[in-house]
Amino acid sequence: MSNNKRLRLERTLDENIIQNWFDDFSSDEESFGEDSDSDEDIVLRSDHDTNYEEEATDSEIDEVRENADNFYIGKDGKTKWCKIKPPVNVRTRAHNIITHLPGPRREAHRKKSQIEILNLFIDDNITRIITHCTNIYIESIRDKFQRSRDARLTCVTEIRAFIGLLYQIGSFRCSRKNIHQLWDDSKGNGMESCYLTMSEKRFRFLVRCLRFDDMHDRAVRKQFDKLAPIRDIFTLLVDNFQKYYCPSEYVTINEQLLAFRGKCPFRQYIPSKPAKYGIKTFALVDPRTVYTINLETYLGVQPDGPYKISNASQDVVLRLVEPIFGINRNITGDNWFTSMPLIISLKEKKLTYVGTVRKNKREIPKEFSPNKQRVETSSVFGFKKNLFTMKNIRQFQIHSIRWRSTATTHSPHVSVGSPPEVLDETNDLITAKHYSQVPGPMPWPIIGNTWRMLPVIGPYQISDLANVSYILYKQYGKIAKLGNLVGRPDLLFVYDADEIEKVYRQEGDTPFRPSMPCLVKYKSQVRGQFFGKLPGVVGVHGEAWREFRTKVQKPVLQPQIVKKYIQPIEEVSDYFIKRMQEMKNKNSEMPADFDNEIHKWALECIGRVALDAKLGCLNPDLPKHSEPQKIIDAAKYALRNVALLELKYPFWRYLPSTLWKKYVSNMDYFIEICMKYIDDAMLRLKNKSQSVNESELSLVERILANEPDPKTAYILALDLILVGIDTISMAVCSMLYQIATRPEEQEKIHQEILKILPNKDDKLDASKLEKMVYLKAFIKEVLRMYSTVIGNGRTLQKDMVICGYRIPKGVSLSL
């Protein structure tokens, strides 16, 4: 070791500082105020302020001065923080080595279904206690009922069903709905599982009678425990949380306010929370899986006895993290929890800590307060043995100070000036697994995984990407990589809903969609002169996409515009139904290529909306060279062959293949058709009276009236045709299939339509569509369960952690 390194180590290893911490730190407990032993309704204002940034006063800013030596001195005059970074060429610290693998344990490994997993947590002991205590209360009130059956005793099976209903009602976000609406089946709005499980009257009775302890000795237990009514159940439930799961390497600790305005001696008032009033609970949670590891309800000052505990922040944390003592986990907390003695105590338990710090901590140097001379968004680091602190100014007089004990040095990826969000994100990127470790098919030398897409020898059919995605999910789980594809970036399939949400949230206002590279080349190179600065919304990214969308979104998304097309679409649909009658065979079945007829119907509907024209695609026996037949042929070609251009080896990028030439020819024809009908709409618009109200104009006419360049209408119509035919067709095919295979639902829809349209010649309008509640619910459920697309594509614009892996910029995601 060099002399300079040895000197730096000697300066940072001052053993007296730890002793000074203990001598200087106050032993006073933080309390939430006085509480009462009675059942009076007491509301206490909580001092738990979790703001990460604190505003500095002018006096604090003015008194900051810089030290000339290599140390920052704390406000206590004793604590030293070294300015020089300790050596980085050291082996991995013991506290950063995971010794207990995260995930399910014990019986949880063998459980597969949701009900089996739920029974692990709400087990037989819990349901027996609830059943027994509820029956005790029912026995005490039975005499008040005229009919004994109205107050019959409950059983374990019924209690389990009752808990299941509560879970289902909550999962559908119906907890604040009137109970009668959930059981009301007269209008099809009720929840079938509710009224088939038990009557509304019985459910209300159980809600009233549900008890979690023996009412006879509760008064005695409440003399020394405010949580006596639920203590046993609460303890058993938390024990089960800890028994069946080992948390991942990072856990978080914070408080939660459970909204409650009823009578309670330890009800809290926290004005910064949405509910403001409620019961405060401290929680230890695994953020990766959103799994709760430990809970502690804040009860204020408990009566003397076995349940009287300290409410100091350090003691709260140590009690919560007790289940993970000694297994090398990192804890993240806010400034209410953070203190130097806490970090030292956690280190002794083989736990590390990251958290913001309140500015009144005596160990913080004055240099870490806001400084008028310091550049905004700059960072200051101070180092100590097994601990370093960082401070970041996001804007003038607003700052955040953090202590971290996970490492002795700051990351080389973190530069001075990094905001707090970047520091957190960088920490995740450093600890994530490498991209090469993402599971997926092993590539072959030279040709990679491209051979898997080849006909005959390849196991994956490129024309059936949905099946390829399903195979990868079954083989590799929530994330799978199809890498080393010749001529294109890796494909990363992500199946975890939480991770998908994270990708969407970080993409900003201008997402990058890696879709339709052939369309991108057509718009930007082959016909770049035509599209110019108006590339449309399909196959376009960034500012160009946002600008074009801004131009057209107002007329496209207005409800009154949508309502204008109810009658035209109904006319097309009526004609299509007549065609269906003609196409039926002797068994009243549709032909095998019925999906092609639905494509024609979708094309005709899009023509009414995007082109203001009747294309005639549904007419039977069209001449081969007629315009409608040419449009149908072009649409068929686009639906069947674009996937081959997109997913097979892209020779067309270098040499114009026959497939590519045909594609360009089809696109040119679509543009020709769009221009023809849009120009006709322009003539009609010019011939209309100047006094015509804008609400009377069609979608195309509105765009032409508001945009000086008709290309906007041309390109919007082209994009609607390109993406609308397949999407609409697949959605309708799916809905028709689902309704055909479900005769009970089909009959309910039929009866609903008969009520609203009793006569054969009745016409649809917006008000009648609004009344078709069950039909709309059926359509929504079909779209939820059977999506019209297999996923959404995104290309990462920066490195990101997904499912624990560091995914580099430029990788294409299939979500």
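# Reading helices, sheets and loops in a predicted model

Helix α29 (residues 773–785) has 13 residues and spans 18 Å from its first C-alpha to its last, close to the 18 Å expected at 1.5 Å a residue; the expected span of a helix is 1.5 Å times one less than its number of residues. Helices (H or I, at least four residues) and strands (E, at least two) are DSSP runs, numbered from the N terminus.

Me: What should I keep in mind about the model itself?

Reply: This is a predicted model, in which local features need pLDDT of at least 70 and side-chain atom pairs count only at pLDDT 80 or more, while totals for chains, interfaces and linings use all residues. Residues are numbered from 1 along each chain as its sequence is written, and side-chain values use heavy atoms, leaving out hydrogens and water.

Me: How many helices and strands does the protein have, and what share of its residues is buried?

Reply: The secondary structure comes to 29 helices and 21 strands. Of the 815 residues, 43% count as buried. Buried means under 20% relative accessible area, exposed over 50%, and partly exposed in between (1.4 Å probe, protein chains only). Among contacts between residues at least 6 apart in sequence, 65% join residues at least 24 apart, where contact means heavy atoms within 4.5 Å.

Me: Back to α29, then. Which of its residues are buried?

Reply: A general idea helps here. An α-helix has 3.6 residues a turn, so residues three or four places apart point the same way. In α29, the buried residues are Y774, L775, F778 and V782. They cover an arc of only 100 degrees around the axis, which puts them on the same side of α29; the arc is that of the directions from the helix axis to the C-beta atoms.

Me: What covers that side, and which residues are exposed on the other?

Reply: The cover over the buried residues of α29 includes α26 (711–740) and α27 (743–756). On the other side of the helix, K780 and R784 are exposed.

Me: Which elements do the buried residues of α12 pack against?

Reply: Start with the residues themselves: in helix α12 (residues 313–320), S313, V316, V317, L318 and L320 are buried. Their packing partners are β7 (250–259), β9 (277–286), β10 (291–297) and α13 (340–348).

Me: Now sheets. What is the order of the strands in the open sheet?

Reply: Generally, strands of a sheet pair through backbone hydrogen bonds, either parallel or antiparallel. Here, four strands form an open sheet in the order β16-β17-β21-β18, with mixed pairing; two strands pair if DSSP finds at least two bridges between them. At the edges are β16 (479–482) and β18 (793–795), each of which pairs on one side only. From one strand to the next, the twist averages 25 degrees. Axes are lines fitted to C-alpha atoms, and angles run from 0 to 180 degrees between N-to-C directions.

Me: How many bridges join β17 to β16, and how many to β21?

Reply: Strand β17 (residues 491–494) is joined to β16 by four bridges and the two run antiparallel. You can check the register with I479, whose partner in β17 is V494, and with L482, whose partner there is L491. Three bridges join β17 to strand β21 (residues 812–814), and this pair runs parallel. One partnership there is L492 with L813 of β21.

Me: Which way do the residues of β17 point?

Reply: L491 and F493 point one way and L492 and V494 the other way, and all are buried.

Me: What about β12: how many of its residues are buried?

Reply: Seven of the seven residues of strand β12 (residues 351–357) are buried, so β12 is largely enclosed by the rest of the structure. Strand β11 (residues 329–333) pairs with β12 in the parallel sense over five bridges. In one of these partnerships, I331 is matched with Y353 of β12.

Me: Last, the loops. Where do V290 and K350 lie, and what is the phi of each?

Reply: Most residues other than glycine have a negative phi, and most peptide bonds are trans. V290, in the loop between β9 and β10, has a phi near 55 degrees, a positive value in a residue other than glycine. At 59% relative accessibility, V290 counts as exposed. K350, in the loop between α13 and β12, also has a positive phi, near 60 degrees.
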